[in-house]
Amino acid sequence: MTDPQTAPTSEADDVERYPCPRCHALPGAPCRSRSGAVAGTHHTGRFTKVPRLAKLLRVPTPADRGPGQP
């Protein structure tokens, strides 16, 4: 059993530590599309703030965040 305090963070967790400059999602929340649904990928302006992810073209939103759901 892993300790929640030492569990490795996912790419989505690292990205979601910052607010999104495009959709104005708050830290801890996934990016949103224009319709208000959870976006399928995080917006570029948000994931480029994480140095190890900055050169990626896309960082998908994990299924547990409910992409496509309002």
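Contact here means heavy atoms within 4.5 Å. By that criterion, and not counting residues up to four places away in sequence, Gln69 touches Arg32, Ala37 and Val38. The model in which these contacts are found is a predicted one.

## Overall composition

The protein chain contains 2 helices and 0 strands. Of its 70 residues, 29% are buried, and the chain exposes about 4,900 Å², with carbon and sulfur atoms supplying 56% of that area. Among contacts between residues at least 6 apart in sequence, 46% join residues at least 24 apart.

Gln69 offers one example of residues far apart in sequence that meet in space. This residue is found in the segment after H2, and its C-alpha atom is separated by 5.0 Å from that of Ala37, although the two residues are 32 residues apart along the chain. Gln69 is classed as partly exposed because its relative accessible area is 49%, and the exposed class requires a value over 50%.

## The nonpolar core

Which residues make up the largest nonpolar core? The set has 5 residues, namely Val15, Phe47, Val50, Leu53 and Val59. In soluble globular proteins, nonpolar side chains tend to be buried together.

Leu53 lies in the segment after helix H2, which spans 44-47, and this leucine counts as buried because its relative accessibility is 1%. Leaving aside neighbours within four places in sequence, Leu53 is in contact with Glu11, Val15 and Phe47. The C-alpha atoms of Leu53 and Val15 are separated by 8.5 Å, while the residues themselves are 38 residues apart along the chain. Val50, another member of the core, touches Asp14, Val15 and Tyr18 when residues up to four places away in sequence are not counted. Val15 is thus a contact partner of Leu53 and also of Val50.

## His42 and its surroundings

His42 lies in the loop between H1 and H2. Is this histidine buried or exposed? At 3% relative accessibility, His42 counts as buried. Leaving aside neighbours within four places in sequence, its contacts are Ala12, Val15, Glu16, Cys31, Phe47, Val59, Pro60, Thr61 and Pro62. The contacts of His42 therefore include Val15, Phe47 and Val59, which belong to the largest nonpolar core. The side chain of His42 also makes a polar contact with the side chain of Glu16, at 3.0 Å.

## Salt bridges

A search of the whole structure finds 5 salt bridges, including those in the table.

| Salt bridge | Closest N and O atoms |
|---|---|
| Asp13 and Arg65 | 2.6 Å |
| Arg65 and Asp64 | 3.1 Å |
| Arg17 and Asp14 | 3.6 Å |

Asp13 forms a salt bridge with Arg65, and this pair links distant parts of the chain, with Asp13 in helix H1 (residues 11-15) and Arg65 in the segment after H2, 52 residues apart. Asp13 is partly exposed, since its relative accessibility is 33%.

Arg17 is exposed, with a relative accessible area of 52%, whereas its partner Asp14 counts as buried at 9% relative accessibility. Asp14 is also touched by Val50, which is a member of the largest nonpolar core.

Arg65 forms a salt bridge with Asp64, a residue that counts as exposed because its relative accessibility is 65%. Salt bridges that share partners join Asp13, Glu16, Asp64 and Arg65 into one network. Glu16 therefore takes part in this network and in the polar contact with the buried His42.

## Cysteines

A disulfide is a covalent bond between the sulfur atoms of two cysteines. How many disulfides does a search of the whole structure find? The search finds 0 disulfides. The sulfur of Cys20 is 3.6 Å from the closest cysteine sulfur, in Cys23, which is too far for a bond, because a disulfide requires the sulfur atoms to be within 2.5 Å. Cys23 is likewise in no disulfide, and its nearest cysteine sulfur is that of Cys20. Cys20 counts as buried at 3% relative accessibility, whereas Cys23 is partly exposed, with a relative accessible area of 21%; the cut-off for a buried residue is under 20%.

Terms used:
Residues numbered from 1 in each chain as written. Predicted model: local features only at pLDDT ≥ 70, side-chain atom pairs only at ≥ 80, totals over all residues. Heavy atoms only, no water. Core = buried A, V, L, I, M, F, W, Y, C linked by side-chain atoms within 4.5 Å. Buried < 20%, exposed > 50% of the residue type's maximum accessible area, 1.4 Å probe, protein only. Helix = DSSP H or I, 4+ residues; strand = E, 2+ residues; numbered from the N terminus. Areas by Shrake-Rupley, 256 points an atom, 1.4 Å probe, with all protein chains shown as cover. Salt bridge = Lys/Arg side-chain N within 4 Å of Asp/Glu carboxyl O. Polar contact = N/O pair within 3.5 Å; in protein donor to acceptor, adjacent residues only side chain to side chain.
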